[in-house]
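Reader: I've got this model open on my screen and I'd like a close look at one part of it. Could you walk me through the strands and the residues around them?

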Amino acid sequence: INASASTYFYINTGKQPFTVVAADGQNVVPVETKQILIGMAETYDILVQVPDGKSVELRATAQDGTGFSSLILG
């Protein structure tokens with residue numbers, strides 16, 4: 001794999017914390033956080049609690065700040 005043009009991404013939900021329950025297919029001791037850094041081919045299972053009647057933005061931002069993508073949950 002030529003990773004010379006790869007980008008790491010910050011995954012966050014703004015002010016709403018989420019819980020990481022698995023990393024690369026392996027269960028982990030649950031960790032509550034507001035942001036993780038994810039690289040190529042890494043996978044994380046997370047639980048996001050969406051408050052009743054509200055929404056939460058799940059955002060992936062390139063580590064170098066060149067762009068982002070987001071998903072609205074709720």
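Author: Here is a tour of the two sheets, with stops at some of the residues in and between their strands.

First, some housekeeping. This is a predicted model, so local features need pLDDT of at least 70 and side-chain atom pairs count only at pLDDT 80 or more, while totals for chains, interfaces and linings use all residues. Residues are numbered from 1 along each chain as its sequence is written, and side-chain values use heavy atoms, with hydrogens and water left out.

Let's take the sheet with four strands. Its order is β4-β1-β6-β7, the sheet is open and the pairing is antiparallel. Strands here are DSSP runs (E, at least two residues), numbered from the N terminus, and two of them pair if DSSP finds at least two bridges between them. At the edges you'll find β4 (35–38) and β7 (68–73), each pairing on one side only. On average, neighbouring strands of this sheet are turned by 15 degrees against each other, direction ignored; the axes are lines fitted to C-alpha atoms, and angles run from 0 to 180 degrees between N-to-C directions.

Now zoom in on β1 (residues 9–12) and β6 (residues 56–62). They run antiparallel and are joined by four bridges. N12 has R59 as its bridge partner in β6. R59 has something else going on: its charged end sits over the ring of F68, 3.7 Å from the centre. To count, CZ of Arg or NZ of Lys must be within 6 Å of the ring centre and within 35 degrees of the ring normal. As for aromatic pairs, the structure holds zero; that would take ring centres of Phe, Tyr or Trp (its six-membered ring) within 6.5 Å.

Just before β1 comes the segment with Y8. Y8 counts as partly exposed because its relative accessibility is 42% (buried is under 20%, exposed over 50%, partly exposed in between, with a 1.4 Å probe and protein chains only). Skip its neighbours within four places in sequence, and Y8 is in contact with L37, I38, G39, T61, A62 and Q63, where contact means heavy atoms within 4.5 Å. S55 is another story: 47 residues along the chain from Y8, with 26 Å between the C-alpha atoms.

On to the sheet with three strands, which is also open and antiparallel, in the order β3-β2-β5. β3 (26–33) and β5 have a single partner strand each, so one side of each is left without a neighbour in the sheet. Here the average turn between neighbouring strands is 20 degrees, direction ignored. Five bridges tie β2 (residues 18–23) to β5, and these two run antiparallel. Look for F18 standing opposite V48 in β5.

The loops deserve a stop too. Between β5 (44–48) and β6 sits P51, which is partly exposed because its relative accessibility is 31%. Beyond its neighbours within four places in sequence, P51 is in contact with Q16 and V56. Q16 is 35 residues from P51 in sequence, yet their C-alpha atoms are 9.4 Å apart.

Finally, the backbone. Most residues other than glycine have a negative phi. D24, in the loop between β2 and β3, has a positive phi of about 50 degrees and is partly exposed at 47%. In the loop between β4 and β5, A41 has a positive phi of about 70 degrees, and A41 is exposed, with a relative accessible area of 78%.

Note on methods
Rings of Phe, Tyr and Trp (its six-membered ring) pair if their centres lie within 6.5 Å; planes under 30 degrees apart count as stacked, over 60 as edge-to-face and the rest as tilted.
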